[in-house]
Amino acid sequence: MSPIYNFSAGPACLPDAVLKQAQEEMTDWQGAGISVMEMSHRGKDFISIAAQAEADLRELMAIPENYKVLFLQGGASAQFANVPINLLRGKKGADYIYTGQWSKKAIAEGKRLCDVNVAASAEASNFSVLPAQSEWNLNSDAAYVHYTPNETIGGLEFHWTPETGDVPLVADMSSTILSRQIDVSKFGVIYAGAQKNIGPAGLTVVIIRDDLIGETVSGMPAMCDYKIMADNDSMYNTPPTYGWYLAGLVFAWLKKNGGLAAMAEINARKAKKLYAAIDDSGFYANPIDLNCRSLMNIPFTLADAELDAAFLSGAKEAGLMTLKGHRSVGGMRASIYNAMPEAGVDALISFMADFEKRNG
Ligand SMILES: *Cc1c(COP(=O)(O)O)cnc(C)c1O
């Protein structure tokens, strides 16, 4: 049987080796006699799984000592609220950078809790070019600056880190975390839903500088308080144990495969060849400015949208799954996170060339 490649934007494919290990350990984790799913989160086996996962993530991302790493539920969407709840700290407002549909959602949720200043926007370019830092109208009294380093739906990515001086920088890294090395010390908060580049849905990773927590907006639920979560090692209540375990397997897999430096190299290569296949054809197109193209999520259209259905069904027959673009964008989208092998991208490119030959 030829391999199946799943280009889903999220929940996305996981490394084969990770799924196989999880399968082997499914009913009896390393001789414990039970599944990780059935373990108490307070028992020594799960505590060791949790601690190892955190240690490996810290090593992979070189997370400084003065940052907490939280393993939470609620998705990135819950952090859209938890960020203002924890970071306002007496201030009235925050700056947001509007670059697409995920930052739009973050802005909408931010507005429920504070004065949102949209300091820069990509709307004028129909979200094809990121606003340069020189065009940002940052407010020096903002509690934080929020941005979305990779817009998963639009396929727009920052290849630079904004400068915000003393104002903490907050990043929704759901679809770019672990794709390459970043300097964590430049950020106040990094958060990510796991289902793109970390593990299964249901787990959310939050990395936060420890001086930023401890002063939530009053009257908020305990579950929203990063300090309570940090003080309890993310076990104030039952954490998403199985997702945490699987994330740990992914972190170990990343370490074994050369860490983020190796991922960065492979990811750059995968994206480069897929964009080249799009740009070199007269049949496929990607609308994003060359300097702002996402390495993880690559939307593209066919010369004739009438051919979309035939493209998708042919691709599926060739083992290339979930290429349909987001319902708001149309066309196709190939998500090529860490777990997508280079061979999967090669298979897609060769299918695209063949489809163009037959239909172009
Ligand atoms: C997927 C995604 C989200 C939403 O994540 P949930 O975990 O479903 O809340 C938010 N931001 C970005 C950038 C995403 O890619």
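Q: How do β11 and strand β12 pair, and over how many bridges?
A: In this predicted model, β11 and strand β12 (residues 297-302) run in the antiparallel sense, and two bridges join them.

Q: Which residue in β12 stands opposite Tyr284?
A: That would be Leu302.

Q: What kind of sheet are these strands part of, and what's the order?
A: They belong to an open sheet of three strands. The order is β11-β12-β14, and the pairing is antiparallel.

Q: Which strands stand at the edges?
A: β11 (284-285) and β14 (332-335) do. Each has a single partner strand, so one side of each is left without a neighbour in the sheet.

Q: Tyr284 has a ring. Which aromatic cluster is Tyr284 in?
A: Tyr284 shares one aromatic cluster with Phe283, Phe300, Phe311, Phe351 and Phe355.

Q: Nice. How many aromatic pairs are there in the whole structure?
A: A search of the whole structure turns up 18 aromatic pairs. One of them is formed by Phe71 and Trp244.

Q: Why is the pair of Phe71 and Trp244 called stacked?
A: The planes of the two rings are at 10°, and stacked means under 30 degrees. Their centres lie 4.4 Å apart.

Q: Where do Phe71 and Trp244 sit along the chain?
A: Phe71 is in strand β2 (residues 67-72), and Trp244 is in helix α6 (residues 241-256). They are 173 residues apart, so this pair links distant parts of the chain.

Q: Are those two buried or exposed?
A: Phe71 counts as buried, at 1% relative accessibility. Trp244 is buried too, with a relative accessible area of 2%.

Q: What about Tyr96 and Tyr144, what sort of pair do they form?
A: Theirs is edge-to-face, with 70° between the planes and 5.8 Å centre to centre. Tyr96 belongs to strand β3 (residues 93-98), while Tyr144 is in the loop between β4 (115-121) and β5 (145-147). The two are 48 residues apart, and the pair links distant parts of the chain. Both Tyr96 and Tyr144 are buried.

Q: Let's switch to the ligand. How many residues surround the ligand, and which are the closest?
A: There are 13 residues around the ligand. The closest are Ser77, Thr152, Asp172, Gln195 and Lys196.

Q: Which element gives the largest share of that shell?
A: Helix α3 (residues 75-87) does, with four residues.

Q: And by class, what is in the shell?
A: Eight residues are polar, three are nonpolar and two are charged.

Q: How far are the polar side-chain atoms of Thr152 and Lys196 from the ligand?
A: For Thr152, a polar side-chain atom lies 2.4 Å from an oxygen atom of the ligand. For Lys196, the distance from a polar side-chain atom to a ligand oxygen is 2.5 Å. Gln195 also has a side-chain N or O atom 2.9 Å from an oxygen atom of the ligand.

Q: How much of the ligand does the protein bury?
A: Taken alone, the ligand exposes 390 Å², and the protein buries 87% of that.

Q: New topic: where is Thr176, and is Thr176 buried or exposed?
A: Thr176 is in the loop between β8 (169-172) and β9 (189-193). Its relative accessibility is 7%, so Thr176 counts as buried. The side chain of Thr176 makes a polar contact with the side chain of Glu157, at 3.2 Å.

Q: Which residues does the cis peptide bond join?
A: A cis peptide bond joins Gly10 and Pro11, with omega about -10°. Pro11 is in the loop between β1 (5-6) and α1 (16-25).

Q: Why is a cis bond worth pointing out?
A: Most peptide bonds are trans, and most residues other than glycine have a negative phi.

Q: What is phi for Ala62 and Thr322, then?
A: Ala62 has a positive phi near 50°, and Thr322 has a positive phi of about 60°. Neither is a glycine. Ala62 lies in the loop between α2 (44-61) and β2, whereas Thr322 is in the loop between β13 (320-321) and β14. Thr322 is partly exposed, with a relative accessible area of 42%.

Q: Last one: where is Arg112, and is Arg112 buried or exposed?
A: Arg112 is in the loop between α4 (101-111) and β4. With a relative accessible area of 67%, Arg112 is exposed. Arg112 and Ala81 are 31 residues apart in sequence, and their C-alpha atoms are 8.2 Å apart in space.

Terms used: Residues numbered from 1 in each chain as written. Predicted model: local features only at pLDDT ≥ 70, side-chain atom pairs only at ≥ 80, totals over all residues. Heavy atoms only, no water. Phe/Tyr/Trp six-rings, centres within 6.5 Å; stacked < 30°, edge-to-face > 60°. Buried < 20%, exposed > 50% of the residue type's maximum accessible area, 1.4 Å probe, protein only. Near = heavy atom within 4 Å. Polar contact = N/O pair within 3.5 Å; in protein donor to acceptor, adjacent residues only side chain to side chain. Areas by Shrake-Rupley, 256 points an atom, 1.4 Å probe, with all protein chains shown as cover. Nonpolar A, V, L, I, M, F, W, Y, C, P; charged D, E, K, R; others polar. Pairing = 2+ DSSP bridges.
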